[in-house]
Amino acid sequence: MELRDILGDSKHVKISPDSTVGDALVSMIENKTDFLLIVRRGPNDSYGMVSRWDIVEGAIADGKDLGATPVLDYARKPLVVMNNLDLDIRWVAKKMANERVSKIAVFDRDDFLGFISDVDLLKAVAKKAAKGAKK
Amino acid sequence: MTAALLILKDVVKTFEFPTIGRDESTLSAMNKMLELDKYTLLVPRQNKNDAYGIVTKKDIVARVIAEGKDPTKVKVKDIMSKPLVILTNLSLDLRWVAKAMANSGVSTIAVFDKGDFYGYVTEACILEGVYNALRRAKLEQGVEFVSC
């Protein structure tokens with residue numbers, strides 16, 4: 001199974017790079033998501049990402065004032081990116097494990113196609129196994 | 001606006017995780033996770049000298065799929081985390097709960113109160129607790145809270 005097969009419809013919530021960790025936390029809870037995309041400031045900037053892990057194990061564990069800490073202090077920037085749509089999903093999983101992230105951004109040349117999450121991987125493998133069992 | 005006023009007791013939740021047998025395959029763990037939309041499963045102990053284990057989606061991605069192993073052959077007991085990471089001080093500052101998660105690299109901690117099982121605290125519990133505290137602080141300041 002290849003990367004292109006598991007690229008589902010991605011929903012992601014964006015947040016400004018000037019936000020604080022508190023803003024990110026509120027946005028995460030209200031949008032019922034566990035990660036946010038931090039938009040870039042210009043074409044030479046990179047996108048960033050902040051996850052539930054970054055907030056809880058980062059900002060809260062460090063005892064920071066959430067309303068005064070910029071989200072960029074705890075964000076992952078640049079994103080972990082993949083662009084080879086023919087890659088076997090085994091290596092997608094390995095990349096997640098190596099980089100210690102649970103979301104990977106997928107680009108085809110210049111086009112942003114979406115995010116792959118660890119749940120997408122589980123779904124794909126479970127589906128494949130179910131098919132294999134029928135045969 | 002800080003999380004300093006919150007303690008573990010404010011955010012700990014008394015619920016049970018779905019369980020999975022230690023000898024079941026990772027595939028059945030995966031199916032159970034997707035079916036219930038809960039990505040943490042508890043592995044019961046065999047006897048009172050044994051420890052409980054836990055298996056999460058991260059374990060499956062990193063230890064089965066990434067290694068190219070067959071999920072029907074790898075058993076839950078080979079990839080689970082065991083024993084559980086626990087906390088026993090219910091009045092612990094939330095900051096140190098978060099730090100305990102960061103130090104041990106887990107997202108779920110079991111909480112015991114004087115030897116009795118009390119509940120679990122997860123990343124989502126902590127976020128919710130801080131969120132509610134921020135909301136209360138805003139209400140007290142007289143700022144009307146805008147909800148989605």
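**Helix 2 of chain B**

I looked first at D37(B), the residue that follows helix 2 of chain B, and found its phi to be positive, near 60°. The model is predicted: I took local features only at pLDDT of at least 70 and side-chain atom pairs only at pLDDT 80 or more, whereas totals for chains, interfaces and linings use all residues. Residues are numbered from 1 along each chain as its sequence is written, and chains are lettered from A and ligands numbered from 1 in the order in which they are written. Helices (H or I, at least four residues) and strands (E, at least two) are DSSP runs numbered from the N terminus.

Within helix 2 (residues 26-36) of chain B, I found T26(B), L27(B), A29(B), M30(B) and M33(B) buried. These residues lie on the same side of helix 2 of chain B, because they cover an arc of only 160° around the axis; the arc is that of the directions from the helix axis to the C-beta atoms. E35(B) and L36(B), on the other side, are exposed. Buried means 20 or more other C-beta atoms within 10 Å of the residue's own, exposed 12 or fewer, and partly exposed in between, with C-beta atoms placed from the backbone.

**Contact of chains A and B**

I noted 31 residues from chain A and 33 residues from chain B in the contact; two residues touch if their C-beta atoms, placed from the backbone, lie within 7 Å. On the side of chain A, helix 5 gives the largest share, eight residues. By class, I recorded 20 nonpolar, three polar and eight charged residues on that side. Nonpolar covers Ala, Val, Leu, Ile, Met, Phe, Trp, Tyr, Cys and Pro; charged covers Asp, Glu, Lys and Arg; the others, Gly among them, are polar.

I then examined helix 3 of chain A against helix 5 (residues 94-104) of chain B: they pack at an angle of about 115°, with axes 8 Å apart. Axes are lines fitted to C-alpha atoms, for helices over the stretch in contact, and angles run from 0 to 180 degrees between N-to-C directions. V56(A), E57(A) and I60(A) meet L94(B), R95(B), A98(B), M101(B) and A102(B). This contact has six nonpolar, no polar and two charged residues.

**Sheet of chain A**

I traced an open, mixed sheet of three strands in the order 4-5-6; strands pair if DSSP finds at least two bridges between them. Strand 4 (81-82) and strand 6 (111-117) of chain A are at the edges, each with a single partner strand, so one side of each lacks a neighbour in the sheet. Six bridges join strand 5 (residues 103-108) of chain A to strand 6 of chain A, and the two run antiparallel.
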